[in-house]
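Me: I'm new to reading protein structures and I'd like a close look at one part of this one. Could you pick a salt bridge, stay with it for a while, and then show me what else is going on?

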Amino acid sequence: AENSQAGLISFAVAFLAVLIYMFFYYGKAGLAANIALTVNVVLIFGCLASFGAVLTLAGIAGIVLTIGTAVDANILIFERVREEQAAGLDLTSAIGVGFRKALPSIIDANVTHFLVALILKIFGTGEIESFATTLIIGIFTSLFSAIIIGELIINTWLSKGKSVSFNTKYSKGLFQNFNFNWVGNRKYFYIFSISVTIIGMIGLFSRGLKQSVEFTGGYTFSVKFQEKADIEYIRANLEKVLIENNEIASIDLKTKSNDYNVDIVTNYLLKKEGAMDEVKTKLTQGLNACDAKLGSHKITGQRFISASVSSELWSSSAIALSLAMLAIFAYILLRFGHWQYSIGAIVGLAHDAFFVISIFSLLHGYLPFSLDVNQAFIAAILTVIGYSMNDTVIVFDRIRENLRKSSDSESQHDIINRSLNKTLSRTFNTSMILFVVVLIMFIFGGPAIKGFLFAMLVGVVIGTYSSLCVATPILIDFSKKLKA
C-alpha cells in the first residue's frame, strides 16, 4: 500500500509536468490535449474504482504507459497538422487531414497494445494481471479522449471563430529540417547493440540477477508495533543489518490487518540451512533500532516460505510474454503484409528487454537502491516492451506510407531516412514526456519503487533507440526490396 501511495503522489507531480510541457510545446492545441488527458486519467481511475480493482505498482505502470500512449496519439495528430500546414494547407483543412492521416498509426499502436494486454490478462497472475487490467482500460479511454474529446474541443473553438495554434515561439520550426543518415550509419548501431548484448551476457553469467523473495522464497516474520508502523523507516533500519556478501538482502514489508502489524519477508541467509534463529537475531537487531520512534515491538509469528510459488510465477510470466510476442508478430505480419516488419519489431523488443535485464545484472549492489527482480520488475519490462512496440509500429507506418507515395527512381534508403526524420519530432516529444514522467516519479517516489522506476527510465531511452536504430535496420537488411 505504501509503495502504491508513493507511486500515486509522484505520478500526480509527473502528470502536472506533462500538462505544462504539452502547453508550452503545442500552444492552444496542447491545452486541448491537456483537457483530453485529464478526462482520460479521471476515466481510468473511475473504471478501476467501479471494478473494485486494487492499484498496485504494476497498475501504476499500466497508467504510465496509458498516459504515454494517449500523449503520443495527440502528438501524432498535432505533428501531422503541422506538416500539412507547412505544405500549404489552411488551418481547418490541415486539422482534418492531420486527424485522418494520424488515425491508422494510432489504431495500429493500440491494437498491438490490446493484444498484448489481453494475453497478459488471461495468462498472467498477480502484478502482471494488474498491469494488464489497467492497460486494457487505458487503451479505450485513451482512444476516446485523444480522438473524440481532443477533436471535439478543437473543432468547437474553430466553429466559434477562435484561432488554434499548434506550436509556440519555443517549438516553431523544431526538427523540420533535420536530416540524419540513419540507414548509412546502421553498422554503428549494430556494433553498439552487439557490444551491449555481449557485456550483458557476461554480467548474467558472472553476477546473475538479484531475485526478490517473491521468486526465491524466504523467512517471514509477523511483527506488532506499539505505534503505527513507518514502513520505510523499518526498511532502512533492517537494510543496515541484513547484509550478505556485501549486498543488502531482499526485504519485503507489508502491513497486515492494521497499521500496527507488519509482515517482514527476507531471503537473508536463505542458502544456509537451519538459519532461522540467526535471521531472527539479525532482524531483532534492526527492529530494536526502530523502537525509539515506533515504541516496543513483538514478533508474533515466524515461518519459512518455499520457492515453489516462485517457479509458478516464472512459468506464468514466461508463457504470457512468449504469447504476447507471438501476437505482436502475427498482427504486424497481418497489418503490413511482410514478415520482415514482424522480425524487425520482435528483434527490437527482445533487444530492449535484454538491455534492461543486463543493466540490472551489472549494477545490482552498486546503486543506492534495490534492483531486486520481482513482479514489479516484470511489469516494468512489459511497460518498456509496450512503449517500444508503440514507437516501432508508428515508424513502420510512416515508412510504408512513404513507400506507397514514392516513385521507382527514388532510393529506398532515402525514403526510409526521410520517414525516420519526419517522425523524429513525434518520437522526441513522446520519449521526452514519458522520460520526464518516470524521472519525476523516480525522484519523488519512495525507496521501495526506485528499482521499478529505474527499469522504466532505462527502458524509455533504449526503447526510443531501438525503434530507430535496431528495428528499422533489421527491416532493411532482411529485405532485398521493401514493398508497401
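Reply: Let's start with Glu401 and Arg80, whose side chains meet in a salt bridge with 2.4 Å between N and O. Glu401 sits in helix H12, which covers residues 375–405, while Arg80 belongs to helix H2, residues 57–86, so this pair ties together parts that are 321 residues apart in sequence. Keep in mind that this is a predicted model, and that goes for everything below.

Why would two such side chains pair up at all? Side chains of opposite charge can pair when their charged atoms come close. Now, are Glu401 and Arg80 buried or exposed? Both of them are buried.

Stay with Arg80 a moment, because there is a cavity to look at here: Arg80 is one of the residues lining the largest cavity, together with Leu76, Glu79, Glu83, Arg398, Lys422, Thr423 and Arg426. How much space does the largest cavity hold? About 40 Å³. Helix H2 gives the largest share of its lining, with 4 residues. Sort the lining of this cavity by type and you get 6 charged residues, 1 polar and 1 nonpolar. In the whole structure, the search turns up 3 cavities of 30 Å³ or more.

Back to salt bridges. Across the whole structure there are 14 of them. Another one with an end in helix H2 is the bridge between Glu84 and Lys101, where the closest N and O atoms are 3.2 Å apart. This pair also links distant parts of the chain, with Glu84 in H2 and Lys101 in helix H3 (residues 91–123), 17 residues apart. The two ends are not equally covered: Glu84 has a relative accessible area of 10%, so it is buried, whereas Lys101, at 27%, counts as partly exposed. The cut-off that matters here is 20%, because buried means a relative accessible area under that value.

Here's one more bridge to find on screen: Asp252 with Lys254, whose closest N and O atoms are 3.9 Å apart. Asp252 has 22% relative accessibility, so it counts as partly exposed. Some salt bridges also share partners, and in that way Asp72, Asp391 and Arg426 are joined into one network. You have already met Arg426 in this tour, as part of the lining of the largest cavity.

Next, move to a loop. Which strands does the loop holding Asn245 connect? It runs between strand S2 (243–244) and strand S3 (247–248), and Asn246 lies in that S2–S3 loop too. Look at the backbone angles here: Asn245 has a positive phi of about 55 degrees, even though it isn't a glycine, and Asn246, also not a glycine, has a positive phi near 65 degrees. Why point this out? Most residues other than glycine have a negative phi. As for the surface, Asn245 has a relative accessibility of 69%, so it counts as exposed, and Asn246, at 77%, counts as exposed as well.

Asn245 also takes you to a pocket. The second largest pocket holds about 450 Å³ of space. It is lined by 15 residues, and those closest to its centre are Lys210, Glu244, Asn245, Asn267 and Lys271. By type, the lining of this pocket splits into 6 polar, 5 charged and 4 nonpolar residues.

Now try a strand. Lys224 is in strand S1, residues 218–225, and with 45% relative accessibility it counts as partly exposed. What does Lys224 touch, if you leave out residues up to four places away in sequence? Its contacts are Tyr260, Asn261, Ser296, His297, Lys298 and Thr300. Take Thr300 as an example: Lys224 and Thr300 are 76 residues apart in sequence, yet their C-alpha atoms are 6.8 Å apart in space.

Last stop, the cysteines. How many disulfides does the structure hold? The count is 0. Two cysteines to look up are Cys290, which counts as buried because its relative accessibility is 0%, and Cys469, which at 5% counts as buried too.

If you want to retrace the route, go back to where we began: Glu401 in H12 and Arg80 in H2, two buried residues whose side chains meet in a salt bridge.

Methods. Residues numbered from 1 in each chain as written. Predicted model: local features only at pLDDT ≥ 70, side-chain atom pairs only at ≥ 80, totals over all residues. Heavy atoms only, no water. Helix = DSSP H or I, 4+ residues; strand = E, 2+ residues; numbered from the N terminus. Buried < 20%, exposed > 50% of the residue type's maximum accessible area, 1.4 Å probe, protein only. Contact = heavy atoms within 4.5 Å. Salt bridge = Lys/Arg side-chain N within 4 Å of Asp/Glu carboxyl O. 1 Å grid on protein atoms, 1.4 Å probe; cavity = no way out; pocket = protein on both sides within 12 Å on 5 of 7 lines; lining within 4 Å. Points joined across faces, edges and corners; volume = space filled by probe spheres on them. Nonpolar A, V, L, I, M, F, W, Y, C, P; charged D, E, K, R; others polar. Disulfide = S-S within 2.5 Å.
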